[in-house]
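Here's a quick briefing on how some of the pieces in this fold fit together. Have a look at the structure first, then read on.

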Amino acid sequence: MVTLDINGTVHQIDADPEMPLLWALRDKLGLTGTKYGCGIAECGACVVHLDGEPVPSCQTPVSAAEGMHITTIEGVSGPEAEAVKSAWARLDVPQCGYCQPGQVMAAVALLRSNPQPGDAEIDAAMTRHLCRCATYQRIRAGVHAAADQLG
């Protein structure tokens with residue numbers, strides 16, 4: 001049995017401690033907002049926050065997440081999250097949208113650590129997030145718009 005604090009709710013799940021957190025979220029708890037992309041932590045589609053830090057859930061065993069606060073796209077909140085979601089909608093950032101949960105989680109983490117990032121800082125924070133629609137310019141513009149909204 002593994003105990004996980006996800007989006008402020010404690011869950012006990014029957015899972016192998018080495019099960020990737022992604023599968024615990026999706027298959028055990030039905031939190032399907034976090035996406036499976038590559039399975040090797042190269043695309044960023046599965047990013048969640050562990051104690052506020054973005055991590056690829058496909059390569060994080062549930063045992064490593066015990067005792068930490070896990071935030072998924074379903075539970076991300078706060079001024080940075082609201083600014084990112086608002087900017088994404090206002091600028092029509094997503095195209096197919098598959099990578100967007102990971103992109104949003106990375107953008108929120110970036111703005112929490114650096115409220116006014118420049119292009120290079122945005123690119124560095126988002127570099128491990130692949131978008132098959134290549135909306136990178138809109139993603140960068142969305143991060144800038146969210147930062148502007150935060151003031």
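In which handedness of crossing does helix 5 pass helix 6, left-handed or right-handed? The crossing is right-handed. Keep in mind that this is a predicted model. The notes below take that helix pair first, then turn to the sheet.

**Helix 5 against helix 6**
- Helix 5 covers residues 119-126 and helix 6 covers residues 136-150; the two pack at an angle of about 115°, and their axes sit 10 Å apart.
- On the helix 5 side, the contact is made by Asp-119, Ile-122, Asp-123 and Met-126. Their counterparts in helix 6 are Ile-139, Arg-140, Val-143 and His-144.
- Sort the residues of this contact by character and you get 4 nonpolar, 3 charged and 1 polar.

**The sheet**
- There's an open sheet of 5 strands with mixed pairing, and the strand order reads 2-1-5-3-4.
- Strand 2 (9-13) and strand 4 (53-56) are the edge strands; each has a single partner strand, so one side of each has no neighbour in the sheet.
- From one strand to the next, the twist averages 40°.

**Strands 1 and 5**
- Strand 1 (residues 2-6) and strand 5 (residues 69-71) run parallel, joined by 2 bridges.
- Asp-5 sits opposite His-69 of strand 5.

**What packs on the sheet**
- Helix 4 (residues 100-113) lies against the sheet, where it touches strand 3 (47-50), strand 4 and strand 5.
- The direction of helix 4 makes about 35° with that of strand 3.

Conventions: Residues are numbered from 1 along each chain as its sequence is written. This is a predicted model: local features need pLDDT of at least 70, side-chain atom pairs count only at pLDDT 80 or more; totals for chains, interfaces and linings use all residues. Side-chain values use heavy atoms; hydrogens and water are left out. Axes are lines fitted to C-alpha atoms, for helices over the stretch in contact, and angles run from 0 to 180 degrees between N-to-C directions. Helices (H or I, at least four residues) and strands (E, at least two) are DSSP runs, numbered from the N terminus. A crossing is left-handed if the near helix is turned anticlockwise from the far one by less than a right angle, and right-handed if clockwise. Contact means heavy atoms within 4.5 Å. Ala, Val, Leu, Ile, Met, Phe, Trp, Tyr, Cys and Pro count as nonpolar, Asp, Glu, Lys and Arg as charged, and the others, Gly among them, as polar. Two strands pair if DSSP finds at least two bridges between them.
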